[in-house]
Amino acid sequence: MLPVKLFTDFIEQNSLFGRNAKILAAVSGGMDSVIMAHLLKAAGFNFSIAHCNFQLRGNESLGDQEFCKSLAQQLGVPFHTINFDTLNYAADNKVSIQIAARELRYQWFEQIRQQFDYSAIALAHHQNDAIETILLNLTRGTGIAGLHGILPKTGMLVRPMLFLRREEIQNIIDENSIAYVEDSSNASAKYARNKIRLEVIPRLKELNPVLEHTFEKNLEHFRELEILLAQRATELKKELFTYHEKEIHIPLDKLKALEPKRLLLFTLLQEYGVNETIIDDLISALGKHSGKIFETASFKLILDRNKLILINRSDLQHKPALIAENEHEAKFGGYKLNILHDDSPLIVKDNPMAVSIDTDLLIYPLTLRAWRQGDYFYPLGMKARKKLSDYFIGQKIPLHQKKEIPLLVNGNGDLIWIGGFRPDDRYKVTNSTKKVTIFELYNLNI
């Protein structure tokens with residue numbers, strides 16, 4: 001007999017999906033996913049079967065695909081399948097075969113879910129999988145989140161089989177004479193997860209025969225601890241984080257006062273892609289290295305004089321804008337530049353966001369771009385050239401904001417104007433100027 005009541009109770013207790021939900025069941029043909037399909041059918045849920053053929057085991061992969069197709073026909077449910085060129089995907093993306101297979105299947109599951117309007121994607125992970133995940137995370141290094149194992153629900157992914165252990169699934173298979181297929185690669189210790197399942201867990205069970213029960217209790221404690229830590233992090237973000245346009249500012253004195261510093265910093269900043277190495281380096285640099293930058297895949301963390309600044313890397317990457325002679329406006333980052341041609345030698349005064357330039361000295365196309373290493377100009381009123389980086393230091397402009405400032409560049413490469421700050425002396429309006437071009441900046445974020 002199938003444990004239908006335990007199955008539906010677990011789904012309800014963990015709010016996985018409703019009675020009228022439309023479910024996409026990921027079925028490999030192995031006993032875990034086959035039992036899940038039978039339970040979904042016996043419980044009366046509306047579901048379909050999805051099977052991936054990764055084409056890694058030749059005829060065996062084809063046999064698994066045919067088995068899953070027959071299972072869908074036997075249960076009277078729709079069937080989705082796809083063949084992946086996993087080896088080429090792994091090579092093209094420079095990832096392992098395991099990661100390639102994972103990325104391919106989850107991308108496809110989500111595509112099918114959206115295309116056919118499924119409420120959730122059901123995966124057949126069980127309690128032993130959760131134990132393997134924790135042990136695997138521990139060997140690789142993990143925070144508190146890595147100790148909660150596999151959660152019953154993550155977004156659209158649901159795991160209704162987490163109430164069962166592997167041996168219980170095997171007993172259900174035997175008692176009900178349910179057919180399934182065995183993936184031969186599961187018997188190989190070549191992969192890290194298999195090695196843990198085949199070699200590590202059996203040794204641990206020699207020390208603790210009820211290992212699964214012990215881990216189940218530990219998982220509850222870890223999940224509660226994670227909730228507590230997340231609540232503390234939420235409180236700290238409200239207290240410490242201030243938002244300035246596209247930046248997040250965190251006062252350094254408050255960061256230094258955090259205890260336990262390493263744990264709380266990691267929890268606060270992990271959503272921005274930081275790892276343990278960055279956290280260690282950041283703690284070492286607190287109060288010592290103003291201007292130091294830490295980079296993740298998506299964010300830059302800048303250690304300013306009295307604050308830590310977080311900014312999305314995409315907000316720092318502004319494409320240069322070319323300006324033709326007949327154009328009257330251009331955009332760069334969060335700025336718009338208006339251009340006015342005037343026949344009189346009009347000089348703009350007392351407005352740092354506008355400048356008058358001698359028209360006859362302009363060489364088109366002009367460029368509106370960000371600061372580059374080595375840039376220099378001749379500040380208005382000075383005959384000596386000055387490195388732009390030194391000028392920014394003198395203006396106390398934070399390192400990350402340098403690339404936010406629009407620079408107007410002549411066709412010959414000269415800097416004409418440091419937008420919002422100072423023009424170049426070589427392009428000023430003089431008594432011999434016949435025409436001027438007025439450039440005026442507008443901050444679009446204000």
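**Exercise 1.** How many of the eight residues of strand β2 (residues 46-53) are buried, and which strands does β2 join through five bridges?

*Solution.* The model is predicted, so local features need pLDDT of at least 70 and side-chain atom pairs count only at pLDDT 80 or more, while totals for chains, interfaces and linings use all residues. Residues are numbered from 1 along each chain as its sequence is written, and side-chain values use heavy atoms, with hydrogens and water left out.

Step 1: seven of the eight residues of β2 are buried (under 20% relative accessible area, 1.4 Å probe, protein chains only), so the strand (a DSSP run of E, at least two residues) is largely enclosed by the rest of the structure.

Step 2: five bridges join strand β1 (residues 22-26) to β2 in parallel, where two strands pair if DSSP finds at least two bridges between them; A26 stands opposite A50 in β2.

Step 3: five bridges also join β2 to strand β3 (residues 79-83), again running parallel, and A50 stands opposite H80 in β3.

**Exercise 2.** Trace the antiparallel open sheet and identify its edges.

*Solution.* Step 1: five strands follow the order β7-β8-β11-β10-β9, with antiparallel pairing.

Step 2: β7 (242-244) and β9 (293-295) stand at the edges, each with a single partner strand, so one side of each is left without a neighbour in the sheet.

Step 3: at the β7 edge, three bridges join β7 to strand β8 (residues 247-251), and the bridge partner of Y243 in β8 is I248.

Methods
Helix = DSSP H or I, 4+ residues; strand = E, 2+ residues; numbered from the N terminus. Buried < 20%, exposed > 50% of the residue type's maximum accessible area, 1.4 Å probe, protein only.
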